[in-house]
Amino acid sequence: MSFIEVLIRLRERVELFIGLLCTYMGLGVWIGAIVFFGIGVAAPTFRFLPSKDLAGMLNGIMLQYLNSIEYGAWIILMIGITMVNRKVRAWYARVPFVLAASVLCCTLWYAQVISPRMHTLKSSITSFDTPQAQDAQSIAEFRGLHILYSRLVGVNLGLLVVLFVWQTGLLVATKTEKDS
């Protein structure tokens with residue numbers, strides 16, 4: 001093997017390594033952020049703060065940061081899956097792109113459409129701790145949007161796990177193919 005061939009193989013392996021690093025870092029940050037927020041932030045905030053209004057305000061602020069983390073993780077993820085899958089021409093190498101696009105659509109829906117509406121409703125509601133009769137319709141809409149938001153985050157979490165498994169399966173299949 002010539003020196004040039006060695007350099008080309010080394011470059012390909014470095015690209016694969018960086019691609020995998022970005023892919024798994026994007027997935028890990030995103031999955032971790034969703035799980036940590038759901039278990040480690042949102043639930044304890046409502047459990048330990050003295051007021052639903054205060055807990056909701058705090059969670060709303062933190063969700064804005066979480067959404068920024070999600071966008072950053074998506075960019076890193078796209079860099080990774082592009083680097084890992086760019087040379088594979090088979091249909092199954094396109095699945096990660098479809099999954100990543102679906103995850104982004106869900107994220108944009110809950111972060112850019114549902115969240116602002118919830119914020120508007122929250123501002124118009126006197127108090128969640130002592131609800132007033134005139135707020136009943138707004139509270140009902142808020143709760144419905146909260147359920148939709150939570151379900152979309154759950155869909156995203158599921159899609160991210162599927163993407164993790166799919167991409168790992170592609171890696172194992174490619175490695176096994178090369179070893180044969």
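**Ser123.** I looked up Ser123 in this predicted model. Its relative accessibility is 56%, so I entered Ser123 as exposed, the cut-off being over 50%. Ser123 belongs to helix H3. I then took the C-alpha distance from Ser123 to Ile75 and got 32 Å, for two residues that stand 48 apart along the chain.

**Helix H3 and Ile114.** I went on to the helix itself. H3 has 30 residues, and from its first C-alpha to its last it reaches 43 Å. The expected figure at 1.5 Å a residue is 44 Å, and I noted the two as close. The helix is bent all the same: I found about 35 degrees at Ile114. A proline, Pro116, follows within four residues of that bend.

I checked whether Ile114 is buried or exposed. Its relative accessible area is 2%, so Ile114 is buried. From Ile114 to Gly154 the C-alpha separation is 15 Å, with their positions 40 residues apart along the chain.

**Helix H1.** I did the same length check on H1. The helix has 46 residues, which should span 68 Å at 1.5 Å a residue. The end C-alpha atoms of H1 are 64 Å apart, and I accepted that as agreement. H1 bends too, by about 40 degrees at Phe37.

**Aromatic pairs.** I counted ring pairs next, taking centres within 6.5 Å as the rule. The count by this rule is five aromatic pairs.

One of them is Tyr24 with Phe164: the ring centres are 5.2 Å apart and the planes stand at 70 degrees, so I wrote edge-to-face. Tyr24 lies in helix H1 (residues 3-48) and Phe164 in helix H4 (residues 136-179), so this pair ties together parts that are 140 residues apart in sequence. I looked up the accessibility of each partner. Tyr24 has a relative accessible area of 25% and is partly exposed. Phe164, at 38%, is also entered as partly exposed.

Phe128 and Phe142 form another pair, with 5.0 Å from centre to centre and 55 degrees between the planes, and I put it down as tilted. Phe128 sits in the loop between helix H3 (95-124) and H4, while Phe142 is in helix H4. The two are 14 residues apart, and the pair links distant parts of the chain. Phe128 is buried, at 14% relative accessible area. Phe142 is buried as well, at 13%.

I also found a cluster: Trp91, Tyr92 and Trp166 form one aromatic group.

**Trp166 and Leu171 in H4.** I followed Trp166 from that cluster. Trp166 lies in helix H4, and at 29% relative accessibility it counts as partly exposed. Between the C-alpha atoms of Trp166 and Leu152 I read 21 Å, for residues 14 apart along the chain.

Leu171 is in helix H4 too. Its relative accessibility of 28% makes Leu171 partly exposed. From Leu171 to Pro131 the distance is 54 Å, C-alpha to C-alpha, and the two are 40 residues apart in sequence.

**The largest pocket.** I looked at the pockets last. The largest has a volume of about 990 Å³. Which residues lie nearest its centre? I listed Asn59, Leu63, Met118, His146 and Tyr149, out of 34 lining residues.

I then asked which elements give two or more residues to the lining. They are H1, helix H2 (52-85), H3 and H4. H2 provides the largest share of the lining, 13 residues.

By residue kind, I sorted the lining of this pocket into 17 nonpolar, twelve polar and five charged residues.

Key. Residues numbered from 1 in each chain as written. Predicted model: local features only at pLDDT ≥ 70, side-chain atom pairs only at ≥ 80, totals over all residues. Heavy atoms only, no water. Phe/Tyr/Trp six-rings, centres within 6.5 Å; stacked < 30°, edge-to-face > 60°. Buried < 20%, exposed > 50% of the residue type's maximum accessible area, 1.4 Å probe, protein only. 1 Å grid on protein atoms, 1.4 Å probe; cavity = no way out; pocket = protein on both sides within 12 Å on 5 of 7 lines; lining within 4 Å. Points joined across faces, edges and corners; volume = space filled by probe spheres on them. Nonpolar A, V, L, I, M, F, W, Y, C, P; charged D, E, K, R; others polar. Expected span 1.5 Å × (residues − 1). Bend = angle between axes of the 7 residues up to and from the residue.
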